[in-house]
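Colleague: Got a minute to go through this model with me? I'll just throw questions at you as they come up.
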Amino acid sequence: MTAALPMPASATAEYRKRNAKRLKLVLLGLVALAVALALDVSIGPGNLPLADVLRTLVDPQSAAPRLSVIVWDLRLPIALMALAVGAMLGLSGAGMQTILANPLADPFTLGVSAAATVGASVAIVFGWSVLPGAGPFIVTANAFVFALGASLVLFFMTKLRGVSAETMILVGIALLFTCNAITALLQYRSNEVQLTQIVFWTLGSLARATWGKVGVAAVLIALALPFFLMRGWALTALRLGDERAESMGVRVDRLRLEILIATSLLAAVSVSFVGGIGFIGLVGPHIARLLVGEDQRFFLPVATIASAVLLSLASSLSKVITPGVIYPIGIITALIGVPFFISLVMSIRSRAV
Amino acid sequence: MALSIRDLDFRYGASPVLQGLGTGELPRGELAALVGPNGSGKSTLFRCAAGLLRPHAGSVSLDGADLAELSPRERARKVFYLSQDTEARVALSVFDIILLARKSLHRGFALAASPEDTRAVEAVIEELGLTPFASRDIATLSGGQRQLAAIGQALVRAPDVLLLDEPTSALDVRRQLDVMATIREATRRRGIVTVAAIHDLSLAARFADRVLVMNEGRIAQAGAPENVLAHRAVSETYAVGVHLERSARGTLLVEPYIHGQ
């Protein structure tokens, strides 16, 4: 028997070991993604056996037409949309939190989602389109333009004032209240049909998923994730403070603008596709931070994956609470997210003291 | 071969911070201590010299070449400024942040670090005695350990000019001596121009080759420690009396005192 004396490991060896562990977590996350997707597809009205659903997924040709329609046309777009929107919101939230040095930042808390709702409401109540030729996509197009506008307002307002991360959050909160007030005003002026539509929009629901939207979201994620990762080292440097990052040659202003535009694009697309879904962009990155730390090379992908898994699980949950009823997913994430948000605020306060 | 700062003007809004500040030639291989009261503009001087602030007038040149003409990345390769704030509470390890300082020297988007980079990081970690903490998150370290890790970031970049804003303020007595000796040794061996803001006049006298006394946005006096610290410029700057003495070991000791006490 050889007694295992602890080898005095070199710092590099320990670093490598830690990296291997973090990489393993990324892979585990991908497995969790697949499991969550399978779960989400297999749950729903109709009580289809899991085996049948999986067989239909793997081999659509041999499946019964009814089964094929349910799985491929009804359930899969929604389940994939849950993953895609979760991923977009997670990456967006993670990016915002990094550039604002604030774990409470995400599209929802900064008012970007609320601005999108104003855009949608304007389209619903007045039929105005910001983008000419939006045609049947007028609601989506307006939501998108307003969300992007909110992010830019946020950026330039804070730029004017010369400006800390805290200021940016305060401006975001002001934006959120303003947008909510405008939406309320529009609701007040709307008729019953319009009111129902606005409320539906405000709630956030995956029922609006289509294969087309899933495709657009997938392409966007495939472009955005490398865009973020290419800036991984610079973003990690930013976590040590603006001055330290600048001393290392990072162009802090430019980096911040690039990431802000990318995060608002992600947020705007997800809000314009499925409405306001809150807190995913907070919870996912928080889990990622606990699992792999803040080396952005690992943090960003894990935040993306964790958020996708979370929204997918929330989607499953929305179907099992009352059998036969699918609750709007925005309600589920808000109910789970608010207590989490409060605990996050408390933990930050206790750490600051 | 030297760093030269000439006629630097800088103001925040209407209030002037630096007013025609010049340091003279600061030769390579020498450690200069920058002393001066709080608010005399030391950090602003560092930020201007590192290119983080653009001075309204004057120039900063290294070996005769104006640093303002370099791109941010090129300038950052030559000049590294370690700000006072080492309090970032971030989930990154000591190894992570020192590697980060090294990695950001290079162009390009490669995600993995080269063996050369990790070797350089390992060497600095050993040099600073940080090996037991290398894998710990900086958020869990003591203030002194964090300061050491920050100094590791400076050394791993092997800059030509090192600007240190109070590098020893959070360190205990032993570590102050260790760190100052490490900085002086690196400065000499690598031919770096190092300027360190230091409040402790004895520490400055002991380790610096040259002392710069800063007051109200200007350099009031500069030169060898024993000459400068005895000069009335120091008394005037701080409004104290200064008593200098050689210890039995030959170390210059500086005792500031308040008149009438």
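Colleague: Let's start with a cysteine: is C48(B) buried or exposed?
Modeller: Keep in mind that this is a predicted model. C48(B) counts as buried, because its relative accessibility is 4% and the cut-off for buried is under 20%.
Colleague: And what about C179(A), buried or exposed?
Modeller: C179(A) counts as buried too, with a relative accessibility of 9%.
Colleague: How many disulfides are there over all chains?
Modeller: The count is zero.
Colleague: OK, switching to the interface. How many residues does each chain put into the contact?
Modeller: Chain A brings 26 residues and chain B brings 40 residues.
Colleague: How much area do chain A and chain B bury between them?
Modeller: About 3000 Å², with 58% of it on carbon and sulfur atoms. On the chain A side, W233(A), R244(A) and M248(A) lose the most area to chain B, and together they make up 24% of what that side buries.
Colleague: How many salt bridges are there between chain A and chain B?
Modeller: Four. In one salt bridge, the side chain of E243(A) meets that of R47(B), at 2.0 Å from N to O. There are also 12 residue pairs in polar contact across the interface, with both residues at pLDDT 80 or more.
Colleague: Which helix of chain A gives the most to the side that touches chain B?
Modeller: That's α1(A), with seven residues. Helices α8 (211–230), α9 (232–238) and α10 (242–247) of chain A are among those that each supply at least two.
Colleague: What kinds of residues does chain A use on that side?
Modeller: They divide into 12 charged, eight nonpolar and six polar.

Methods. Residues numbered from 1 in each chain as written. Chains lettered and ligands numbered in written order. Predicted model: local features only at pLDDT ≥ 70, side-chain atom pairs only at ≥ 80, totals over all residues. Heavy atoms only, no water. Contact = heavy atoms within 4.5 Å. Buried area = accessible area lost by both parts, 1.4 Å probe. Polar contact = N/O pair within 3.5 Å; in protein donor to acceptor, adjacent residues only side chain to side chain. Helix = DSSP H or I, 4+ residues; strand = E, 2+ residues; numbered from the N terminus. Nonpolar A, V, L, I, M, F, W, Y, C, P; charged D, E, K, R; others polar. Disulfide = S-S within 2.5 Å. Buried < 20%, exposed > 50% of the residue type's maximum accessible area, 1.4 Å probe, protein only.
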